[in-house]
Structure formats: C-alpha cells, structure tokens
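I opened the model and went through it step by step. These are my entries, in the order in which I looked things up.

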2 protein chains.
Amino acid sequence: MIRLKRILVTIDGSTQSMKAADYAIDIAQKYDSELIALHVLYSNKGFAFYTETATGLVTPSSINDLKEEAKEEAEKWFDEIRKKCANTNLQVKTEAIIAPISIVEAIISYSENENIDLIVIGSRGRSAFKKLILGSSASGIMTYAHCPVMIVK
Amino acid sequence: MIRLKRILVTIDGSTQSMKAADYAIDIAQKYDSELIALHVLYSNKGFAFYTETATGLVTPSSINDLKEEAKEEAEKWFDEIRKKCANTNLQVKTEAIIAPISIVEAIISYSENENIDLIVIGSRGRSAFKKLILGSSASGIMTYAHCPVMIVK
C-alpha cells in the first residue's frame, strides 16, 4: 500500500502543465491527497537576497515585488485549477515562489521541504523549444527529485 | 476524469523496478486497470530476424531460445508480482520480450501497440552505474513515450 498524502503539480500556463494538473487532481481524489499547485518564477534578482551581495539595486521590497509578479502571473492558472476542483472534496493549496538559482532547484527544494509524495509535471514547459521532446525542467526534476515523478505528455 | 485502463510496469529484477511494481499495483487497483509486467531482454542476435541479414548463425529456433531465456530470467520476478497481487482483484499479464535494437525502443513500441495509458518505471535499472541518478532506459522512455510516465525512485 503506497501513500500519496501530498501531491505537487507545477504550473506554468503551458498546455502540458494544465494536462498535468488534470492527472494530479484525479490521482489526488483517488488517494485522498492534499494537492499543491506551484508556480515558480525564475529571477536571478532574487539571488542577491541569498548571497548578501546586494548592490542596493535589490532590496527586500523588490523581492516582494517579484513575489507579487509571480503570484499575479499564476492567479489565472490557479483559478482554472480551483474550477477543476470545484466539485471535489480536494484540499487545494496554491503557491507562487521565486527561483533565484534555477527552476529545477526551487521545485526540488520545495518538494523536500514540504514532504511531497508525488510530483506531477508536464513534459514541456512554456519556454521549451517546440523541438525539444522533453523540457529541461522536466528532465532535471526527474533526475533529482526525492520522490516519484509523473511526466504528462 | 482520466482513464488508466492499461498500466505497464517494466521489470528487470532491480530494487527500483520492484518498487515501481508496488506503485503500479496500487494505482492499478485504484483505477481498476489491467496491469502488465514487462521484462525486456536486449540481444542484438534478435536483430537478424528483423533485417533478414541472417548469416545462418541466427535461426528462428535461436530466437525462440532467446525468448525462453528472457522468460526464465523474468519468471521469479513475475512470481513476486503475482504474489503482491494475490489479495487483489487485479488482472495481471506478464510478458518477456527480446529487444533487437534497444530496450527503450522495445518498451516504447510495446506501449504504443498495446495502448498503454501509463508506464511505471524504476529510476535505475540493474545495469545502470550506481553513479547515474537516472538510468538511460528511464530517461529514454520518458522522452519518447506516447503516454504519461511515472518514475519511481
């Protein structure tokens, strides 16, 4: 008997990430899991916050601006996910975070810290070249995740 | 509502592939899916059979020998899977095939021909170097599969 208490789906507005959400929602219902929809905005501006090499151009308030930007960008996708879950008993949490180093690193860290049992991702993100069959984020997450990963095509 | 009518798990005797089987069995129960456990034995001897360049060293009977070898090798793993399914209502099919070109190609073709809805694989196979975090088979399958792929760590 496996346990999937917490399922994470990463959302970037791409068709594949929304299809990944459909799978995550369905599996979360079967396993009575908590569903977390995560959007990650990459910005190296956030890095200064961590390295303490801030030159004055990056301040805590600009970090907050970045977070707001990520949240705003994600809100319409989160709304769509909430709609998909409207007729379920699912507990859904949405979160937008800044990735100061890389999107893969941010998702991996988040998953570990939040004790995620399954990560569901689309095979290609928004920014991937159409030519690439598997996006670099998907590939990195599969490689470094501590838990099972489902790639949705 | 997603449909997972047929779930494929690939088995090579590695710890990871047996853990993948646990996930596949559990999900198959939730979705009332048919479960297929597949073992692929790579042998370029099988290739002559396809290319008709047989030199006389490879005959249909030696192909059959290869198939028997794959089946024999897999039987103990299949037994283990049947045991895990003993107290379920799962319909389990086991199959051992020869990969004349590559293991990835064989699994991809099998999945397409058999209308598989989800492939569950271990992150590393038996033959993978311990250093490799993600085996080359897992990586190839995720890239080329027509359906969702779940990687179990």
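**Cores**

I started at Val120(B) and listed its contacts beyond four places in sequence: Ile7(B), Leu8(B), Val9(B), Thr10(B), Ala20(B), Tyr23(B), Ala24(B), Met150(B) and Val152(B). The model is a predicted one, and I read everything below with that in mind.

I then looked up the core around this residue. The largest nonpolar core has 52 residues, and within it Val120(A) and Val120(B) touch the most other members. A separate second core holds 42 residues, among them Ile36(A), Ile116(A), Ile141(A) and Ala138(B). In soluble globular proteins, nonpolar side chains tend to be buried together.

**Chain A as a whole**

I counted elements next and found 5 helices and 5 strands in chain A. Read from the N terminus, their order is β-α-β-α-α-β-α-β-α-β.

Of the 153 residues in chain A, 51% are buried. I took the accessible surface of the chain as about 7,900 Å², with 49% of it on carbon and sulfur atoms. For contacts between residues at least 6 apart in sequence, I noted that 76% link residues at least 24 apart.

**Strand S2(A)**

Why is strand S2 of chain A largely enclosed by the rest of the structure? I checked residues 34–42 and found 8 of the 9 buried, so the surrounding structure largely encloses this strand.

I followed its pairing on both sides of the list. Strand S1 (residues 6–10) of chain A runs parallel to S2(A) and is joined to it by 5 bridges. Within that pairing, Arg6(A) has Glu34(A) as its bridge partner. I traced the connection from S1(A) to S2(A): the chain passes through helix H1 (residues 15–31) of chain A, and the β-α-β crossover is right-handed.

S2(A) also pairs with strand S3 (residues 91–99) of chain A, in the parallel sense and over 9 bridges. There, Ala99(A) is the bridge partner of Tyr42(A).

**Helix H4(A) and the residue after it**

I looked at which residues of H4(A) are buried: Val104(A), Ala106(A), Ile107(A), Ile108(A), Tyr110(A) and Ser111(A). The buried residues of this helix pack against S1, S2, S3, S4 and helix H5 (136–144) of chain A.

I moved on to Asn115(A), which sits in the loop between helix H4 (103–113) and strand S4 (118–122) of chain A. Just after H4(A), Asn115(A) has a positive phi of about 50 degrees. Is Asn115(A) buried or exposed? Its relative accessibility is 54%, so Asn115(A) counts as exposed; the cut-off for exposed is over 50%.

I also took one distance. Asn115(A) and Ile7(A) lie 108 residues apart in sequence, with 9.3 Å between their C-alpha atoms.

**The two chains**

Last, I superposed the copies. A turn of 180 degrees with a shift of 0.0 Å along the axis lays chain A on chain B at an RMSD of 0.0 Å. I entered this as the relation of a two-fold axis.

Which residue of chain A comes closest to the rotation axis? I found Met150(A), with its C-alpha at 2.1 Å. For the interface, 100% of the interface residues of chain A are interface residues in chain B too, so the copies meet through the same surface.

Notes. Residues are numbered from 1 along each chain as its sequence is written. Chains are lettered from A and ligands numbered from 1 in the order in which they are written. This is a predicted model: local features need pLDDT of at least 70, side-chain atom pairs count only at pLDDT 80 or more; totals for chains, interfaces and linings use all residues. Side-chain values use heavy atoms; hydrogens and water are left out. A nonpolar core is a set of buried Ala, Val, Leu, Ile, Met, Phe, Trp, Tyr and Cys residues joined through side-chain atoms within 4.5 Å. Buried means under 20% relative accessible area, exposed over 50%, partly exposed in between (1.4 Å probe, protein chains only). Contact means heavy atoms within 4.5 Å. Helices (H or I, at least four residues) and strands (E, at least two) are DSSP runs, numbered from the N terminus. Two strands pair if DSSP finds at least two bridges between them. A crossover is right-handed if, with the strands pointing away from the viewer, the path from the first strand over the helix to the second runs clockwise. Accessible areas come from the Shrake-Rupley method with a 1.4 Å probe; for residues, only the protein chains shown count as cover. Copies are superposed by least squares on the C-alpha atoms of residues with pLDDT of at least 70 in both.
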